[in-house]
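Biologist: Could you pick one part of this model and take me through it closely? I'd like to know what surrounds it as well.

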Amino acid sequence: MPHRCLPTKQDLARVFLIIFASVALVATGCGSDDQTDNDESANANVEENAGHGDDVGVDDAGGDNTGEVEDTGNGDQDDVGVDDVGPEDVGDDDVGVDAGDDAGLTCDEGLLACGEECVDTDDDNLHCGECFNACDGDLQCFDGACGCDGELEVCSDNQCVDTSSNFDHCGECDEPCEGTQVCNDSTCQDDCDSGLEECSGACVDTDTSDDHCGDCGEACDGDLQCSGGSCGCESGLDVCNENQCVDFMNDDDHCGECGEACDGDLQCSDGSCECADGLDVCNENQCVDFMNDDDHCGDCNESCDGAGETCVDGQCEGGSDETSFADDVVPIFSACTGCHGGSGGLTLSSDPYGNLVDVEAGCDGNTRVIPGDPDESYLVRKLEGGPDICGGQMPQGGTLPSEDIDTIRQWIDEGALDN
Ligand code: HEC
């Protein structure tokens, strides 16, 4: 550890970070030091690490801090904070795992029930590899293990560090540069190579550095990446919500443009919300198969609602056949024959067919039943109470249930057959 008498800006920044991190860990009680040694096997083997691996990490952190801590006089607090966290955490983890096992939640394939939620332990930072195994610090969950992204290395305090240009971890973790040196391509030296810019002791290419894009400290956040000195999305992707990179061609939340979400059954395809191949859109966002959808048979909202009907090749089939005069219509006339046994000019008690179909009504210019034309058939108009009828609505003193009128209409519509 180099000895420095005055704290530099970096020192102060680091001390603040450490204090903040410690406070946050203690406050939430959920920071786990299990992965402090951070190789991929650490997670596979949490039991072993609990209580042992921890200590290594904690000591590391403490040792690392000591140099700066002496400068500022805050060392004791830091150490206490860090030490406190370890044991508490192990307890939390155990409780968490139990809760996960007990939850009666059913999750989709590939997901695990952790407490009240279903998670993918492959990439869930709070449940990495197993329930309630949270990734600490900068670490993220990759394939069920907490680690750092890409080329970054895990240094003490679960920091993800680019050791090629980090003043405190130059070349490798915990190898700080001294004084006014800079970390250039993993080596401490006096100045940055040409083409690189010094940002707080790190030599970076501001054309491509995500942390110093275009200028020191100008970090690209969210999905954005630094290219040519400005933060943007990979080619082919567009920026939505300031820092999200999306593919307008197939993003269900941003289809064709930012914020255009495909709702219901619709999915984004080539930049527009559509139904999967072979399906049609009904009611704005439903995707249906006209060939076999009982509610949309052959067309939207054409339902097969007859008893026993189903949609086959776009047609409703299998229900009751065409209306039968003898079986469906004549029984309705039982409500009429009390009067129409001979009175009222209409006889329905015998040969109802012969007395109705193509027979002129007593009311001039009307025909009782015109095959194929229920609206013009006088029988229907008498039953419905209009239009243009002589006398009153039938049956006198009441009305027929509408299903019965529908049956008579249907029979006439189908050609008023004597069937
Ligand atoms: C309470 C007695 C009564 C009942 C029940 C009754 N009708 Fe009538 N119906 C009459 C009378 C009376 C007339 C003649 C006066 C008129 O047209 O309103 C008549 C006329 C008609 C006419 C017109 C005939 C024509 O050629 O002008 C039709 C059609 C008719 N009834 C159908 C029916 C049907 C169908 C029912 C049963 C659902 C029925 N009626 C029940 C008494 C009745």
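Modeller: First, a word on naming: a helix here is a DSSP run of H or I covering at least four residues, a strand is a run of E covering at least two, and the numbering goes from the N terminus. Keep in mind that this is a predicted model. The protein has 419 residues, of which 29% count as buried, and its secondary structure adds up to nine helices and 20 strands. Of the contacts with a separation of 6 or more, 28% link residues 24 or more positions apart.

The part I'd zoom in on is helix H9 (402-413). H9 is 12 residues long and spans 16 Å from its first C-alpha to its last, close to the 16 Å expected at 1.5 Å a residue. Which of its residues are buried? Ile408, Trp411 and Ile412 are. Viewed down the axis of H9, the buried residues sit within an arc of 100°, so they line one face of the helix. Go round to the other side of H9 and you find Ser402 and Glu403, which are exposed.

What sits over the buried face? The cover includes helix H6 (325-329) and H8. The nonpolar cores fit in here. The largest one has 15 residues, with Cys128, Cys135, Leu139 and Cys146 touching the most other members. Strand E4 (145-147) and strand E5 (153-155) each put at least two residues into that core. Apart from it lies another core of 13 residues, and that is the one for our helix: Ile408 is among its members, along with Val329, Leu379 and Leu383. As general background, nonpolar side chains in soluble globular proteins tend to be buried together.

Now the way into H9. Pro387 is placed in the loop between H8 and H9, and the peptide bond leading to it from Gly386 is cis, with omega near -5°. Pro395 is also in the loop between H8 and H9; here the bond from Met394 is cis, with omega near -10°. At the other end, H9 is followed by Gly415, which has a positive phi near 110°.

Stepping back along the chain, there is a loop between helix H7 (352-356) and helix H8 (378-384), and Ile370 is in it. Buried or exposed? Ile370 comes out as partly exposed because 18 other C-beta atoms lie within 10 Å, and a buried residue would need 20 or more. Leaving out neighbours within four places in sequence, Ile370 is in contact with Glu376 and Ser377. The C-alpha atoms of Ile370 and Glu360 are 9.8 Å apart, with their positions 10 residues apart along the chain.

Asp358 is in the loop between H7 and H8 too. Asp358 is not a glycine, yet its phi is positive, about 60°. Asp358 counts as exposed because it has 11 other C-beta atoms within 10 Å.

For another non-glycine with a positive phi, look at Ser200, where the value is near 45°. Ser200 is in the loop between strand E9 (197-199) and strand E10 (202-204). With 17 C-beta neighbours inside 10 Å, Ser200 is partly exposed.

Technical notes
Residues numbered from 1 in each chain as written. Predicted model: local features only at pLDDT ≥ 70, side-chain atom pairs only at ≥ 80, totals over all residues. Buried ≥ 20, exposed ≤ 12 C-beta atoms within 10 Å, placed from the backbone. Contact = placed C-beta atoms within 7 Å. Core = buried A, V, L, I, M, F, W, Y, C linked by C-beta atoms within 7 Å. Expected span 1.5 Å × (residues − 1). Arc of directions from axis to C-beta.
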